[in-house]
Amino acid sequence: MRRTKEWWARLTPEERSELVYIERNASQASVGWDGYLPDDSGECNVCGSPTMGTTCMRCLDRWSELIDKANGKEGS
């Protein structure tokens with residue numbers, strides 16, 4: 001769905017900020033490597049939790065919830 005004024009209006013100001021923050025940080029190409037983590041893992045670009053990719057499942061789930069709510073899906 002296009003991000004119209006009505007689309008954004010379905011989110012609270014805090015949720016809008018959170019969505020933008022997640023999208024900006026999740027799109028970073030680099031992984032934040034930590035010397036205490038195994039070689040095949042890194043840190044989530046959004047929250048810093050250990051993860052196998054660049055964005056953890058918790059942040060991806062939250063992003064999905066916010067998108068669903070903005071799209072007007074029931075139960076969000």
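This is a short walk through a predicted model of one protein chain, from its overall layout to its core and its cysteines.

Start with the layout. The protein chain holds 3 helices and 2 strands. Read from the N terminus, the elements run α-α-β-β-α. So the order opens with two helices, passes through two strands and ends with a helix.

Next, look at how the chain packs. It has 76 residues, and 25% of them count as buried. The chain exposes about 5,300 Å². Carbon and sulfur atoms supply 52% of that area. Now take the contacts between residues at least 6 apart in sequence: 38% of them join residues at least 24 apart.

Now go inside. In soluble globular proteins, nonpolar side chains tend to be buried together. In this model, the largest nonpolar core has 11 residues. Trp7 and Leu11 belong to it, and so do Leu19 and Ile22. Cys44 and Val46 are also members. The rest of the set is Cys56, Cys59, Leu66, Ile67 and Ala70. Two helices, α2 (13-26) and α3 (57-70), each supply at least two residues of this core. Helix α3 gives the most, with 4 residues.

Leu11 is a good place to see the core from one residue's viewpoint. Set aside its neighbours within four places in sequence. Leu11 is then in contact with Leu19, Leu66 and Ala70, which are core members too. Leu11 also touches Arg16 and Lys69.

Turn to the cysteines. The count of disulfides is 0. Cys56 is in no disulfide, and the nearest cysteine sulfur, that of Cys59, is 3.5 Å away. The view from the other side matches: Cys59 is in no disulfide, and its nearest cysteine sulfur is that of Cys56, at 3.5 Å. The pair does not count because a disulfide needs the two sulfur atoms within 2.5 Å. Both residues are buried. Cys56 counts as buried because its relative accessibility is 8%, and the cut-off is under 20%. Cys59 counts as buried because its value is 7%.

Finally, step one place along from Cys56 to Met57. Met57 lies in helix α3. Is Met57 buried or exposed? Met57 is exposed, because its relative accessible area is 56% and the exposed class begins over 50%. Compare its position with that of Cys44, a member of the core. Met57 and Cys44 are 13 residues apart in sequence. In space, they are 9.1 Å apart, C-alpha to C-alpha.

How values were computed. Residues numbered from 1 in each chain as written. Predicted model: local features only at pLDDT ≥ 70, side-chain atom pairs only at ≥ 80, totals over all residues. Heavy atoms only, no water. Core = buried A, V, L, I, M, F, W, Y, C linked by side-chain atoms within 4.5 Å. Buried < 20%, exposed > 50% of the residue type's maximum accessible area, 1.4 Å probe, protein only. Contact = heavy atoms within 4.5 Å. Areas by Shrake-Rupley, 256 points an atom, 1.4 Å probe, with all protein chains shown as cover.
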